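Here is my note on the model you sent. The points are numbered so that you can reply to each in turn.

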Amino acid sequence: MKRTPLYELHKEFGGRMVDFAGWEMPIQYTSIIKEHQAVRTNAGIFDVSHMGEALVEGSEAQNFINRIITNDITRIRDGQIIYSPMCNEKGGVVDDVIIYKYNDQKFLIVLNASNTKKDVEWLLMNTFDGVGVTDISSEYSQLAIQGPKAQEILQRHTEYDLSSLKFFRFIDDFMLGGIKCLISRTGYTGEDGFEVYTSPKDAANLWNKIMSKDASEQDVPMPAGLGARDTLRMEAALPLYGHELNDDITPLEAGISNFVKLSKPDFIGRDKLITISKSGLKRELTGFVMEDRGIPRAGYKVYSLDGEQIGVVTSGGYSPSTSQNIGMAIVKKGWNTDSEYCIQIRGKLLKASVVKLPFYRKSYKK
Amino acid sequence: MEFLNELKYSKDHEWIKVEGNKAYIGITDFAQHSLGDIVFVELPEEGAELNAGDTIASIESVKSASDVYMPIGGTIIEVNTKLEDAPQLINEAPYENYIVVIEMTDSEEIENLLDVESYKSICEEEE
């Protein structure tokens, strides 16, 4: 397994290490629930150095980006960030990514750890004259500091007024605690927060800086692992590749159609997505809360109240912020407009109520 | 890691407290620590007659599920219903929050259980 530069720090803070996408990462340090709650009420700090990064440069860089993503890159300006699925010809999702626009000729794409190799191959396969793609994952480590206190905590380490760094914007060559980094107001938790990219040789120093207290300071972020990262994103109904998204699920079915701009000039998957959109979706993502006692998990089958299998759970589990068992499922559209269905948990059909997403309201700083 | 001297243990990390012909059964500090935050406990029916090795209960943590087994045979005479609404009690006080109480079928089966020292060795090996 690969290790990030923070491996020793994880062990020092009591991290329980697991294999995630070939990386040895902490699933928790103290308790998934405590770490989750720290992010919702105070701040948590995550090592997300396992994520991949690709640099896209050249005179045709913007056209290339717009060809491979479903969202419209021309809607954002220099210094802004966009979220988008990247589709294959069938309209299925290769990965969901965020893209940082430096200018029309330079973009940074952040890739899921589990898909980095596949994504880079995909990008390289689709390049054309005037655009170059480089895998620069090994040049970056990344920390995410998330929670209502994130800004206050990071503000101690910079003269720059962080309240003026707006949501989905970034600054490169930023000095945080005397360490050079790229900082963005982004995250995967449904809270306000920042993602900070730095050279691997500076990553541990940056963690220590952010975690340092002097006599007057009360709050530092709580180290939070991948377990809390998952419960947080699930409450915010943010998709996870391999669950709500994969090569066979289109973004239209996965509940992220607002990131698909079918009126854009041709992009990979457009024709298929237009066909699906015209003929009507056959399945859709729904959110649910368990009524009967039981914990839904990914892969569990979903049945209508009449006992017909209508779909499958994509993500599920206990929600610390709502104290309920929640989940998302992709189910047949038009089966019955019941507001209830059943999840098969260990052989029993247990009732669930369909709810609007997200389960937990985001409170992003604007 | 807490181990209580006066209890009996199974190799599957259950603790057993014998009172006359009754036995209280729960999971150990070692077990609750490995599981992490417990969010769900599936309890058996009172009156169920089970043999040693049968599944009594299912405990789910945020990331995993684990079965609890009968360390000895018996009839379930009581289940700890507090665990339905407050499964985290097992994390907070594993020895104070039993899962079931049984009427033992054959009290001689207690001889097959581990004492605290043998159980501690098993835990050390697993670490």
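1. Start with a lysine. A:K118 is partly exposed, at a relative accessible area of 29%. Its side chain meets that of A:D247 in a salt bridge, 3.4 Å from N to O. A:K118 sits in helix α4 (residues 116–125) of chain A, and A:D247 in the loop between α7 and α8. That makes the pair a link between distant parts of the chain, 129 residues apart. A:D247 is also partly exposed, at 34% relative accessibility. Keep in mind that this is a predicted model.

2. Next comes A:D248. This residue forms a salt bridge with A:K90, with the closest N and O atoms 3.0 Å apart. Again distant parts of the chain are linked: A:D248 lies in the loop between α7 and α8, A:K90 in the loop between β5 (81–87) and β6, and 158 residues separate them. A:D248 counts as exposed, at 52% relative accessibility. A:K90 counts as partly exposed, at 46%.

3. Is the pair A:R233 and A:E244 buried or exposed? A:R233 is buried, with a relative accessible area of 1%. A:E244 is buried too, at 0% relative accessibility. Their side chains meet in a salt bridge of 3.0 Å, N to O. A:R233 belongs to helix α7 and A:E244 to the loop between α7 and α8, so the salt bridge ties together parts 11 residues apart in sequence. Over all chains, the salt-bridge count comes to 24.

4. Now the interface. Chain A and chain B bury about 1,400 Å² between them, and 45% of that is on carbon and sulfur atoms. Which three residues supply the most of chain A's share? They are A:R293, A:R297 and A:R346, with 41% of the area that chain A buries against chain B. The contact involves 16 residues of chain A and 15 residues of chain B.

5. Polar pairing across the interface deserves its own entry. There are 5 salt bridges between chain A and chain B. One of them joins A:R297 to B:E60, with the closest N and O atoms 2.5 Å apart. In addition, 12 residue pairs are in polar contact across the interface, counting pairs with both residues at pLDDT 80 or more. On the chain A side, β2 (23–28), α2 (32–41) and α7 (226–235) each supply at least two of the touching residues. The largest share, 3 residues, comes from α7. Shared partners also join A:R297, A:R346, A:K348, B:E42 and B:E60 into one salt-bridge network.

6. On packing, the largest nonpolar core has 48 residues. Those with the most contacts inside it are A:F46, A:I98, A:Y100, A:L108, A:L182, A:Y197 and A:L245. Strand β6 (residues 93–103) of chain A gives the most to this core, with 4 residues. A:Y100 has a long list of contacts beyond four places in sequence, including A:I81, A:F107, A:V110, A:F170, A:L182 and A:Y197. A second, separate core has 26 residues, among them B:I99, B:V100, B:M104 and B:L113.

7. Cysteines: the structure holds 0 disulfides over all chains. A:C342 is buried, at a relative accessible area of 8%. B:C123 is buried as well, at 3%.

8. Some backbone geometry to check. Most residues other than glycine have a negative phi, and most peptide bonds are trans. A:A237, in the loop between α7 and α8, has a positive phi near 55°. A:S323 also has a positive phi, about 55°. This serine is in the loop between β16 (309–319) and β17 (324–332) and counts as exposed, at 53% relative accessibility. A cis peptide bond joins A:L357 and A:P358, with omega about 0°. A:P358 is in the segment after β19 (348–355) of chain A.

9. Two loop residues to finish. A:G15 is in the loop between α1 (7–12) and β1 (16–20) and is buried, at 13% relative accessibility. Its C-alpha atom is 5.7 Å from that of A:Q28, which is 13 residues away along the chain. Beyond four places in sequence, A:G15 contacts A:H10, A:P26, A:Q28 and A:Y29. A:S212 is in the loop between α6 (200–210) and β13 (222–223). A polar atom of the A:S212 side chain lies 2.6 Å from the backbone oxygen of A:K209. A:S212 is partly exposed, at 31%.

Methods. Residues numbered from 1 in each chain as written. Chains lettered and ligands numbered in written order. Predicted model: local features only at pLDDT ≥ 70, side-chain atom pairs only at ≥ 80, totals over all residues. Heavy atoms only, no water. Disulfide = S-S within 2.5 Å. Buried < 20%, exposed > 50% of the residue type's maximum accessible area, 1.4 Å probe, protein only. Polar contact = N/O pair within 3.5 Å; in protein donor to acceptor, adjacent residues only side chain to side chain. Core = buried A, V, L, I, M, F, W, Y, C linked by side-chain atoms within 4.5 Å. Contact = heavy atoms within 4.5 Å. Buried area = accessible area lost by both parts, 1.4 Å probe. Salt bridge = Lys/Arg side-chain N within 4 Å of Asp/Glu carboxyl O.
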